[in-house]
Amino acid sequence: LSYEVILGGVKKDGLKNYSDMSSDELAEAFEEYENHCRQAEYDTVYSVSRYNGPSGIYFVADFCTTTDETTVYSRKYYTIAEGCEISIALQTKLAGDPNDTTTYIFNEDAAGVAKDIVDNVSYSQMKEHFTDTSMFSELFGYVLGIVVTIGGLGLILWLLIKTTSKPKKKF
């Protein structure tokens, strides 16, 4: 059984971490997520559940989707942490045999890779580096433009001096 693990995240303002929600807020968020999954463009949603892992609370969806005559089976772990929507998904083109717990993607044995990632992940805010700012990008562009211009003019001047000044020949 071959599969791929896909990690994704989107930072959004105003999101509350699942681990900071009350049980009522979490139940409401889960219902919202379940409705979203069932209304999304998946061919079949097999199950939507909640998983309380060591690294936080996740909503888990098992589904399949078909595009260009290829069916892809997926298990997706979704959470909100540090103001980011984060998803960790395991997907494969082969679902395996539902009667064989070692190959069926939606059984814990086969999805252990994604679950191990989910259980061992840690979330923290990354400090912004000064090179990630728009001011740095604009300033760097201006400086680079000036350096290239001066370098080009210097090269032209050097070539002119080199070609026009001929040394005097001694007889």
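**Surface, core and salt bridges of a predicted model**

Q: Which residues make the nonpolar surface patch of about 320 Å²?
A: In this predicted model, one of the residues in the patch lies in helix α2, which covers residues 112-120. That residue is V113, and V113 is partly exposed, with a relative accessible area of 32%. A residue needs over 30% relative accessible area to belong to a patch, so V113 qualifies. The nonpolar patch of about 320 Å² is made by Y3, V5, L7 and V113.

Q: What pattern of helices and strands does the chain follow, read along the sequence?
A: The chain has 171 residues, of which 29% count as buried. It contains 3 helices and 5 strands. Read from the start of the sequence, these elements follow the pattern β-α-β-β-β-β-α-α.

Q: Which element gives the most residues to the largest nonpolar core?
A: The largest nonpolar core has 15 residues, and those with the most contacts inside it include Y18, L26, Y33 and F59. Two or more residues come from each of α1, β2 (44-53), β3 (56-67) and β4 (70-81). In soluble globular proteins, nonpolar side chains tend to be buried together. The element that gives the most to this core, with 5 residues, is α1.

Q: Which residues gather in a patch of negative charge on the surface?
A: One member of the patch, E32, lies in helix α1, which spans residues 23-39. E32 is exposed, because its relative accessible area of 56% is over the 50% cut-off. The residues that gather in this patch of negative charge are D24, E28, E31 and E32.

Q: How many Å separate the closest N and O atoms in the salt bridge of K16 with E25?
A: K16 counts as partly exposed, at 38% relative accessibility. E25 is also partly exposed, with a relative accessible area of 34%. The two residues form a salt bridge in which the distance between the closest N and O atoms is 3.1 Å.

Q: What separates E34 and R38 along helix α1?
A: The side chains of E34 and R38 meet in a salt bridge, with an N to O distance of 3.5 Å. E34 is partly exposed at a relative accessible area of 22%, and R38 counts as partly exposed at 44%. Because they are 4 residues apart in helix α1, what separates them is about one helical turn.

Q: Are D62 and R75 buried or exposed?
A: D62 forms a salt bridge with R75, and the closest N and O atoms are 2.8 Å apart. D62 lies in strand β3 and R75 in strand β4, so the pair ties together parts that are 13 residues apart in sequence. The relative accessible area is 5% for D62 and 4% for R75. Because buried means under 20%, D62 and R75 are both buried.

Q: How many salt bridges does the structure hold?
A: One salt bridge is formed by K16 with E25, and another joins E34 and R38. D62 also forms one, with R75. The number of salt bridges that the structure holds is 3.

Q: How far apart in space are N17 and G56, C-alpha to C-alpha?
A: N17 lies in the loop between β1 (4-11) and α1. N17 is buried, because its relative accessible area of 16% is under 20%. In sequence, N17 and G56 are 39 residues apart. In space, their C-alpha atoms are separated by 9.2 Å.

Q: How far apart in space are L15 and I80, C-alpha to C-alpha?
A: L15 has its place in the loop between β1 and α1. At 27% relative accessibility, L15 counts as partly exposed. L15 and I80 are 65 residues apart in sequence, while their C-alpha to C-alpha distance in space is 7.3 Å.

Q: What value is phi of E82 near?
A: E82 is found in the loop between β4 and β5 (84-92). E82 is partly exposed, with a relative accessible area of 31%. Most residues other than glycine have a negative phi. Phi of E82 is instead positive, and its value is near 55°.

Technical notes. Residues numbered from 1 in each chain as written. Predicted model: local features only at pLDDT ≥ 70, side-chain atom pairs only at ≥ 80, totals over all residues. Heavy atoms only, no water. Patch = residues over 30% accessible without salt bridge, like charges linked within 9 Å, V, L, I, M, F, W, Y side chains within 5 Å. Areas by Shrake-Rupley, 256 points an atom, 1.4 Å probe, with all protein chains shown as cover. Salt bridge = Lys/Arg side-chain N within 4 Å of Asp/Glu carboxyl O. Lys, Arg positive; Asp, Glu negative; His and termini not counted. Charge placed at Lys NZ, Arg CZ, Asp CG, Glu CD. Buried < 20%, exposed > 50% of the residue type's maximum accessible area, 1.4 Å probe, protein only. Core = buried A, V, L, I, M, F, W, Y, C linked by side-chain atoms within 4.5 Å.
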